[in-house]
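Subject: Structure for you to look at

Hi,

Here is the structure I promised to send over. Have a look at it first, and then read my notes underneath.

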Amino acid sequence: MKTTDETKLRGAATQGDVILSARDICVAFDGFKVLDHLDLDIYRGEILGFVGGSGTGKSVLMRTILRLLPRQAGDIHMLGIDYDEADEEERIALDMQLGVLFQHGALFSALTVKENIQVPMREYLDLPRPLMDELAHLKIDLVGLAPEAANRYPSELSGGMIKRAALARALALDPMLVFLDEPTSGLDPVGAAEFDELIAKLRDTLGLTVYMVTHDLDSLFSVCDRIAVLGQKKVLVAGTLDAILANDDPWIQSYFHGKRARLLPGNGEQRQAV
Ligand SMILES: Nc1ncnc2c1ncn2[C@@H]1O[C@H](COP(=O)(O)OP(=O)(O)OP(=O)(O)O)[C@@H](O)[C@H]1O
């Protein structure tokens with residue numbers, strides 16, 4: 001059941017294109033700075049691919065935005081609301097607009113797929129059991145899992161099914177914004193391409209905004225509207241694939257113009273080489 005506040009929040013989203021903005025974010029562990037005065041905007045309805053070298057802080061930023069990690073400085077506004085200034089009711093309404101798919105799915109192993117999907121429903125909503133069952137089955141269908149998957153435990157699922165079940169759980173409360181941490185890692189190329197297609201379809205049909213941390217060049221070339229690159233503890237550049245390809249930062253050059261990247265459709269270099 002959507003609360004009045006949630007309806008208000010959805011209204012707020014239509015007033016501007018920035019759904020989430022992070023400014024001057026600083027995060028350090030034992031004095032070691034991981035993020036230093038980082039700025040980032042996420043636009044409504046986009047699929048934003050987030051890349052950066054290993055250990056540069058992609059997961060830390062995602063967890064900071066989700067407020068799972070404390071920050072030393074900086075502001076995070078969602079739908080124009082400063083979370084730190086929000087009252088309890090607003091915080092709950094904002095939290096309900098965020099869905100997360102963690103890197104390895106992070107499903108509860110003792111719960112079935114259906115029960116996993118119902119965890120956020122139980123936490124935030126007060127629904128009768130038959131309705132929760134119906135909603136869970138809808139989500140299972142939405143992510144392309146067979147109805148039988150509902151009563152399976154995570155240990156009985158393939159890697160691709162785990163990702164889909166975790167995505168169904170991320171979508172349990174019909175969020176506006178979903179965070180995906182390396183959603184295609186561990187999937188074979190066919191499974192990864194199918195997952196990318198699913199993300200694009202959900203964005204188109206549900207109007208989702210997607211923030212996707214990824215190392216997968218295929219995903220970056222095929223489904224992302226914008227790409228943000230993390231380096232030197234900041235967002236070095238954020239823009240369209242063409243803008244990123246034209247950037248002369250050495251790491252960006254080697255990442256996007258390396259041997260693997262040249263083989264991908266959509267990369268101008270490959271078209272020249274053929
Ligand atoms: N809870 C924590 N406590 C201390 N240090 C941490 C913590 N979480 C992350 N770090 C450190 O922050 C840095 C960035 O880590 P993070 O996991 O964000 O990198 P990443 O860019 O996601 O890397 P990868 O692509 O390899 O997953 C690393 O040096 C890591 O050791």
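Below is what I found, going from the ligand site to the domains, the core and the strands.

One caveat before anything else: this is a predicted model.

Since you will probably go straight to the ligand, let's start there. Its surroundings are Phe29, Val34, Gly52, Ser54, Gly55, Thr56, Gly57, Lys58, Ser59 and Val60. By class, that shell comes out as six polar residues, three nonpolar and one charged. The top contributor to the shell is helix 2 (residues 58–65), which supplies three residues.

Next, the overall layout. There are two domains: domain 1 covers 4–97 + 177–273, and domain 2 covers 109–174. Where they touch, eight residues come from domain 1 and nine from domain 2. On the domain 1 side, helix 7 (residues 189–206) gives the most, with three residues. That side has six nonpolar and two polar residues, and no charged ones.

Now the inside. The largest nonpolar core has 70 residues, and Leu48, Ala165, Val178, Val210 and Met212 have the most contacts within it. Helix 6 (residues 159–170) is the biggest giver here, with seven residues. Both domains take part, each with at least three residues in this core.

Met212 deserves a click of its own. Beyond its neighbours within four places in sequence, its contacts are Ile47, Leu48, Gly49, Phe50, Leu180, Pro183, Ser219 and Cys224.

Then there is strand 7 (residues 177–181), where five of five residues are buried. Why would both faces of a strand show up in a list like that? In a regular strand the side chains alternate between the two faces of the sheet. Here Leu177, Phe179 and Asp181 lie on one side, with Val178 and Leu180 on the other, and all of them are buried.

Strand 7 also has partners to trace. It pairs in the parallel sense with strand 6 (residues 98–101) over four bridges, and Leu180 is the bridge partner of Leu101. Strand 8 (residues 209–213) also runs parallel to strand 7, joined to it by five bridges. In that pairing, Val178 stands opposite Val210, and both of these appear among the core residues with the most contacts.

Last stop, helix 4 (residues 113–124): Val113, Lys114, Asn116, Ile117 and Gln118 are buried there. Their cover includes helix 5 (129–142) and helix 6.

Shout if anything is unclear.

Cheers

Terms used:
Residues are numbered from 1 along each chain as its sequence is written. This is a predicted model: local features need pLDDT of at least 70, side-chain atom pairs count only at pLDDT 80 or more; totals for chains, interfaces and linings use all residues. A residue is near a molecule or strand if its C-beta atom, placed from the backbone, lies within 6 Å of it. Helices (H or I, at least four residues) and strands (E, at least two) are DSSP runs, numbered from the N terminus. Ala, Val, Leu, Ile, Met, Phe, Trp, Tyr, Cys and Pro count as nonpolar, Asp, Glu, Lys and Arg as charged, and the others, Gly among them, as polar. Domain bounds come from an automatic or database domain assignment. Two residues are in contact if their C-beta atoms, placed from the backbone, lie within 7 Å. A nonpolar core is a set of buried Ala, Val, Leu, Ile, Met, Phe, Trp, Tyr and Cys residues joined through C-beta atoms within 7 Å. A residue is buried if 20 or more other C-beta atoms lie within 10 Å of its own, exposed if 12 or fewer, and partly exposed in between; C-beta atoms are placed from the backbone. Two strands pair if DSSP finds at least two bridges between them.
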